[in-house]
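Here are my notes on this one, written as numbered points so you can follow along in your viewer. Reply to whichever ones you like.

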Amino acid sequence: MVDRVPFPLEGKRVFVAGHRGMVGKALVRRLAREPVEIVTAGREELDLTRQAEVEAWFERNRPQVVILAAAKVGGILANASYPVHFLEQNLLIEVNTIRAAFHFGVEKLLFLGSSCIYPKHAPQPIPEEALLTGPLEPTNQWYAIAKIAGLELCRAYRRQHGADFVAAMPTNLYGPGDNWDLASSHVAAALIRKAHEAKERGERVLEVWGTGTPLREFLFVDDLADACVFLLRRYSDDIALNVGSGQEVAIAELARLVCGVVGFEGELRFDPTKPDGTPRKRLDTRRLEALGWRASTPLREGLARAYAAFLAETRDRPSL
Ligand code: GFB
């Protein structure tokens with residue numbers, strides 16, 4: 001790692017793969033403050049699940065740095081309902097992009113995973129060493145297996161070819177640009193939308209899936225983007241680094257916080273017919289902190305910013 005950090009980002013062509021997703025948009029916002037050239041490609045120009053298209057695009061565009069934030073993602077129910085999509089699309093995106101990055105001489109690649117790659121009953125907070133030490137959480141095992149394959153492919157390129165490919169594992173994310181669709185969203189976006197609509201309709205009850213007892217750690221997406229830029233410069237090793245916030249709450253508590261932010265004053269009703277998922281997945285972030293990075297957005301402030309973004313993003317598109 002010694003001779004590869006700091007990696008000089010200045011003047012580099014940086015490809016943000018997945019720039020229309022929540023993470024990709026935050027990366028573009030954050031990289032706009034750096035002296036780099038940002039390169040993006042919409043799905044109509046580049047379908048990352050098609051190998052030939054990916055190779056042709058890399059040959060034409062020659063990025064020097066890649067952040068792989070493109071993925072098929074979704075909340076607990078979408079993950080459990082569409083195992084083929086989550087496994088197959090993510091494997092294709094990863095193999096095509098990482099492989100092309102190597103063949104077209106990308107100097108640095110950052111792959112983004114997820115905290116759900118760790119075993120369901122991993123020790124808490126979860127250290128990086130817990131990877132592949134036990135069975136996965138069944139509701140998202142297909143997504144997790146694809147993400148594990150992606151980070152292992154980065155490690156394999158590093159081991160076999162000396163490529164400077166690294167991986168980061170963010171905890172549950174939320175913020176501007178989130179998916180606000182109730183059938184496929186993650187919990188923070190879903191609760192923001194439900195609380196807002198319940199308030200608008202004058203309803204008294206907010207439905208929360210599951211028992212409300214699972215614990216989740218929430219990271220504001222702009223904090224993740226900041227961590228990514230930090231890691232591009234400062235990290236070059238084969239351990240997939242945890243990126244967390246230390247802000248862990250029970251889902252019931254998150255729901256109360258969201259109600260406060262949105263101004264919904266009714267009651268919570270839990271629906272135990274919906275899955276709880278893993279009981280807890282707080283990340284141990286001591287490695288990242290030792291390098292010199294910490295999350296900075298308090299959960300309440302982040303939720304208020306996410307709610308403001310929800311209002312702006314759905315103003316003209318109420319069905320989003
Ligand atoms: O955010 P979420 O969908 O994903 O759900 P996971 C977190 C918790 O919130 C679960 C509860 O216990 C849900 O039952 N929850 C309560 C809700 N109300 C709602 C709601 O209206 N919508 C949603 N979506 N949840 C995902 C994985 O797991 O985490 C992905 O499936 C990915 O693969 C992501 O890793 C970070 O945290 O359970």
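1. Let's start with Cys154: its relative accessibility is 1%, so it counts as buried. Bear in mind that this is a predicted model. Is there a partner for this sulfur, and how far away is the closest cysteine sulfur? That one sits in Cys228, 13 Å off, which is too far for a bond. A disulfide would need the two sulfur atoms within 2.5 Å.

2. Seen from the other end, Cys228 is in no disulfide either, with the sulfur of Cys154 as its nearest cysteine sulfur at 13 Å. Cys228 is buried too, because its relative accessible area is 1%, under the 20% cut-off. Searching the whole structure gives 0 disulfides.

3. Cys228 belongs to the buried part of helix H7, which covers residues 221–234. Of the 14 residues in H7, 12 are buried, so I'd call the helix mostly covered, as the count suggests. The buried set includes hydrophobic names you'd look for, such as Val221, Leu224, Phe230 and Leu231, but Asp222, Asp223 and Arg233 are in it as well.4. The length of H7 checks out. At 1.5 Å a residue its 14 residues should span 20 Å, and the end C-alpha atoms are indeed 20 Å apart, so the two agree. H7 lies across strands S3, S4, S5 and S9, and runs at about 145 degrees to S4.

5. Now the sheet under that helix. What is the strand order? It reads S2-S1-S3-S4-S5-S9, an open sheet of 6 strands with parallel pairing. Strand S2 (37–39) and strand S9 (241–243) are the edges: each has a single partner strand, so one side of each lacks a neighbour in the sheet. On average, neighbouring strands are turned by 25 degrees against each other, direction ignored.

6. Helix H1 (residues 22–31) also packs on this sheet, where it touches S1 (13–17), S2, S3 (65–68) and S4 (108–112). The direction of H1 makes about 160 degrees with that of S1.

7. At the S9 edge, strand S5 (residues 165–170) is joined to S9 by 3 bridges, and the two run parallel. Met169 is the residue to click on here: it is found in S5 and stands opposite Asn242 in S9. Is Met169 buried or exposed? With 0% relative accessibility, Met169 counts as buried.

8. The surroundings of Met169 are worth displaying. Leaving out residues up to four places away in sequence, Met169 touches Gly113, Ser114, Ile117, Tyr118, Leu151, Ala240, Leu241, Asn242, Val243 and Leu283. For a distance across the model, the C-alpha atoms of Met169 and Ala17 are separated by 17 Å, with their positions 152 residues apart along the chain.

9. One of those contacts, Ser114, lies in the loop between S4 and helix H5 (141–161). Ser114 is buried, with a relative accessible area of 13%. Apart from neighbours within four places in sequence, Ser114 is in contact with Tyr143, Met169 and Pro170.

10. Strand S8 (residues 215–220) has its own set of pairings. S8 is joined to strand S6 (residues 172–174) by 3 bridges, running parallel, and Leu173 stands opposite Leu219 there. Another 3 bridges join S8 to strand S10 (residues 248–250), this time antiparallel, with Leu215 opposite Ala250. S8 is mostly covered, as 5 of its 6 residues are buried.

11. Last topic, the aromatics. How many aromatic pairs does a search of the whole structure find? The search gives 10. Take Tyr307 and Phe310: their ring centres are 6.4 Å apart and the planes meet at 15 degrees, so the pair is stacked. The cut-offs behind that call are centres within 6.5 Å and planes under 30 degrees apart.

12. Both partners of that stacked pair, Tyr307 and Phe310, lie in helix H10 (residues 299–314), 3 residues apart, or about one turn of the helix. Tyr307 and Phe310 are both buried. Elsewhere, Phe15, Trp57 and Phe58 form one aromatic cluster.

Conventions: Residues are numbered from 1 along each chain as its sequence is written. This is a predicted model: local features need pLDDT of at least 70, side-chain atom pairs count only at pLDDT 80 or more; totals for chains, interfaces and linings use all residues. Side-chain values use heavy atoms; hydrogens and water are left out. Rings of Phe, Tyr and Trp (its six-membered ring) pair if their centres lie within 6.5 Å; planes under 30 degrees apart count as stacked, over 60 as edge-to-face and the rest as tilted. Helices (H or I, at least four residues) and strands (E, at least two) are DSSP runs, numbered from the N terminus. Buried means under 20% relative accessible area, exposed over 50%, partly exposed in between (1.4 Å probe, protein chains only). Two strands pair if DSSP finds at least two bridges between them. Axes are lines fitted to C-alpha atoms, for helices over the stretch in contact, and angles run from 0 to 180 degrees between N-to-C directions. Contact means heavy atoms within 4.5 Å. The expected span of a helix is 1.5 Å times one less than its number of residues.
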